[in-house]
Amino acid sequence: MNGNLYCFETNTVYHPMRSWRSQVCTASVARAWPAPLLRSASTSWRGCRNVFEQREGHLGIELRRRQLRGGGRYVSGASFEIEFEIYDERHLPNATYNVTVRLGQMPPMMTRSYDSPGRKLEVVDCPNRTLEAVLVLSMVNEHAQYFEDTVHVQMNTEFEEIFKWTTALPLFLLTLVLTASSLSRGTEQLPV
C-alpha cells in the first residue's frame with residue numbers, strides 16, 4: 001500500500017438490487033450457514049447460495065425508500081412499520097419467500113413466509129433498550145437463494161434529547177430570573 005486513496009464515481013442511481021456484497025456470496029460466510037440449508041441450495045460453487053444470480057428487475061427484496069432510506073433513520077416506540085417489496089419475474093406457481101427482519105446478529109425480530117411477490121407492510125416490535133444497529137431485511141426463496149437489503153437505524157434514542165432539555169431548561173430559567181432580578185435592583189450584588 002502506498003497510502004493513496006482512490007474514489008470512483010458513477011452517474012448511475014443507487015438501487016439495492018444492483019449491489020453485490022461479498023458477504024452474501026463468499027465461501028467463508030457459507031460455512032457459517034446451517035448445513036441443511038446449504039445442502040438444499042444445490043449449488044456447486046464452494047457453498048455459495050446465489051452463484052451469479054441476476055437480481056435487479058428479476059429477483060430480490062428491497063426496503064421501501066420513504067420509510068428508512070434517506071432522511072431519518074430514527075425508530076421510536078414499542079413497534080414500527082416496515083414496508084418492503086419482493087421482486088420475482090419468474091412467475092412460478094409454487095414460489096415461496098421466507099422473509100426475516102433482524103438487527104445485526106440479534107435473533108430475528110420478524111419471520112414470515114409469503115407465496116407471492118409485491119409490496120408488503122409488517123409491524124415489527126422494537127427492542128426494549130436503546131440501540132444503534134444495522135437492520136437486515138433478508139429473503140430466502142424456494143431454492144435457498146439469499147437476498148438482503150440493509151440500513152443503519154437508531155432505536156429509541158430520541159428520548160435522550162427530552163432528558164437533556166428537562167435538565168437544562170430549569171437551570172437556564174433560574175439563571176434568567178436571577179439575572180433579571182439583579183438588573184432590576186441596579187448595581188446590588190447577589191448574596192453569596
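## Sheet, salt bridges and core of a predicted model

Three strands make up an open sheet in the order β1-β3-β6, and their pairing is antiparallel; two strands count as paired if DSSP finds at least two bridges between them. The edge strands of this sheet are β1 and β6, each of which pairs on one side only. From one strand to the next, the twist averages 25°, where axes are lines fitted to C-alpha atoms, for helices over the stretch in contact, and angles run from 0 to 180 degrees between N-to-C directions. Strands β3 and β6 run antiparallel and are joined by eight bridges. In one of these, Ile-86 has Gly-118 in β6 as its bridge partner.

This is a predicted model, in which local features need pLDDT of at least 70, side-chain atom pairs count only at pLDDT 80 or more, and totals for chains, interfaces and linings use all residues. Residues are numbered from 1 along each chain as its sequence is written, and side-chain values use heavy atoms, with hydrogens and water left out.

### The chain as a whole

The secondary structure comes to four helices and eight strands. Helices (H or I, at least four residues) and strands (E, at least two) are DSSP runs, numbered from the N terminus. Along the sequence the pattern reads α-α-β-α-β-β-β-β-β-β-β-α. The chain has 192 residues, of which 34% count as buried; buried means under 20% relative accessible area, exposed over 50%, and partly exposed in between, with a 1.4 Å probe and protein chains only. Among contacts in the chain with a separation of 6 or more, 64% are between residues 24 or more positions apart, contact meaning heavy atoms within 4.5 Å.

### Salt bridges

The structure holds six salt bridges, each a side-chain nitrogen of Lys or Arg within 4 Å of a carboxyl oxygen of Asp or Glu. Among them are the three in this table.

| Residue | Partner | N to O distance |
|---|---|---|
| Arg-64 | Glu-62 | 3.6 Å |
| Glu-85 | Arg-64 | 2.9 Å |
| Arg-119 | Glu-85 | 3.5 Å |

Glu-62, Arg-64, Glu-85 and Arg-119 are thus linked in a network of salt bridges. Arg-64 and Glu-62 are both buried. Glu-85 lies in strand β3 (residues 79–88) and Arg-64 in the loop between β1 (59–63) and α3 (65–68), so their salt bridge ties together parts that are 21 residues apart in sequence. The pair of Arg-119 and Glu-85 also links distant parts of the chain: Arg-119 is in strand β6 (residues 118–125) and Glu-85 in strand β3, 34 residues apart. The two ends of this pair are not alike in accessibility: Arg-119 is exposed, with a relative accessible area of 52%, whereas Glu-85 counts as buried at 16%.

### The nonpolar core

In soluble globular proteins, nonpolar side chains tend to be buried together. A nonpolar core here is a set of buried Ala, Val, Leu, Ile, Met, Phe, Trp, Tyr and Cys residues joined through side-chain atoms within 4.5 Å. The largest such core has 26 residues, and those that touch the most other members are Ile-61, Phe-80, Ile-86, Val-99, Leu-135, Met-139 and Met-155. Two or more residues each come from β1, β3, β4 (97–103), β5 (110–114), β7 (131–141) and β8 (146–155). Strand β7 gives the largest share, five residues.

Neighbours within four places in sequence aside, the contacts of Met-139 include Leu-59, Gly-60, Ile-61, Ile-86, Val-99 and Phe-147.

### The β4–β5 hairpin

Strands β4 and β5 pair in the antiparallel sense over five bridges. They form a hairpin with six residues between them, and Gly-104 in the turn has a positive phi of about 55°. Asn-98 stands opposite Ser-113 in β5. Thr-111 also has its place in strand β5. With neighbours within four places in sequence left aside, Thr-111 is in contact with Val-99 and Thr-100. Thr-111 and Val-124 are 13 residues apart in sequence, and their C-alpha atoms are 9.9 Å apart in space.

### Cysteines

A disulfide is a covalent bond between the sulfur atoms of two cysteines. The structure holds zero disulfides, counted as pairs of cysteine sulfur atoms within 2.5 Å. Cys-7 is exposed, with a relative accessible area of 74%, while Cys-126 is buried, with a relative accessible area of 9%.
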